[in-house]
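Colleague: Please take one part of this structure and go through it closely for me.

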Amino acid sequence: MVIRRWLCILLVGVTALVAGAARPAAHPLHTTLTELQAGANGAVQVQMRVFADDYARAVATARGATLNERERVYVGASFVLRERNGRPVRFTWCGTRYQGEVVWVCLRGAAASGVRGGQVRNAMLFNLYQDQVNVVRAQYAGRARSLLFTPGDGARPLP
């Protein structure tokens, strides 16, 4: 009788563990990676890697009649690149691509005066997570820089 009771308890415990393991766990990191490439001709391309579940939550907070409008509003308010002369780069949307648990967001623009000496700010997901960390890897004028952004950070220079 005692053995049967312990076997039942053990079976229930193992079942609970297996059921818990079968559910996908949320990713423990709140981070984005942005690749910014600026050519000598002023062409700028930005690729942002964001966890898809976080991206969906963030975009849902933006105003817009359609998902596409909400994406553009949210990303446009969160990611800002200024040219050397201080003017913001106006980006056009070149799409989103889902790859497993992440989404890649693509932007294209032109920086007539160049980005060297300009500034970049990446506040993606800061409205959701206090431990959010955003990395921007910028390649421009023959150099590469990695910049780190956390909540409360402003724009960083591109020397």
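Which helix and which strands each supply at least two residues of the lining of the largest pocket?

Modeller: Helix 3, strand 3 and strand 4 do. This is a predicted model, where local features need pLDDT of at least 70 and side-chain atom pairs pLDDT 80 or more, while totals for chains, interfaces and linings use all residues. Numbering starts from 1 along each chain, and side-chain values use heavy atoms, without hydrogens and water.

The largest pocket (an open set of 1 Å grid points with protein on both sides within 12 Å along at least five of seven lines) has a volume of about 210 Å³. Its lining (residues with an atom within 4 Å of a point) has 13 residues, with G76, F79, V89, R90 and F91 nearest the centre. Nine of the lining residues are nonpolar, two are polar and two are charged; Gly counts as polar.

Helix 3 (helices are DSSP runs of H or I, at least four residues; strands, of E, at least two) covers residues 67-78. Its 12 residues reach 16 Å from first C-alpha to last, close to the 16 Å expected at 1.5 Å a residue (times one less than the number of residues). E71, Y74, V75 and S78 of helix 3 are buried (under 20% relative accessible area, 1.4 Å probe). Seen down the axis, these buried residues fall within an arc of 90 degrees (taken from the axis to the C-beta atoms), so they line one face of helix 3. The buried residues pack (heavy atoms within 4.5 Å) against strand 2 (43-51), helix 2 (52-60), strand 3 (79-82), strand 4 (92-99), strand 5 (102-110) and strand 6 (119-122). Strand 3 and strand 4 thus appear both in this packing and in the lining of the largest pocket.

Key:
Buried means under 20% relative accessible area, exposed over 50%, partly exposed in between (1.4 Å probe, protein chains only). On a 1 Å grid over the protein atoms alone, a cavity is a set of points where a 1.4 Å probe fits but cannot get out, and a pocket is an open set with protein on both sides within 12 Å along at least five of seven lines; lining residues have an atom within 4 Å of a point. Grid points are joined across faces, edges and corners, and a volume is the space filled by probe spheres set on the points.
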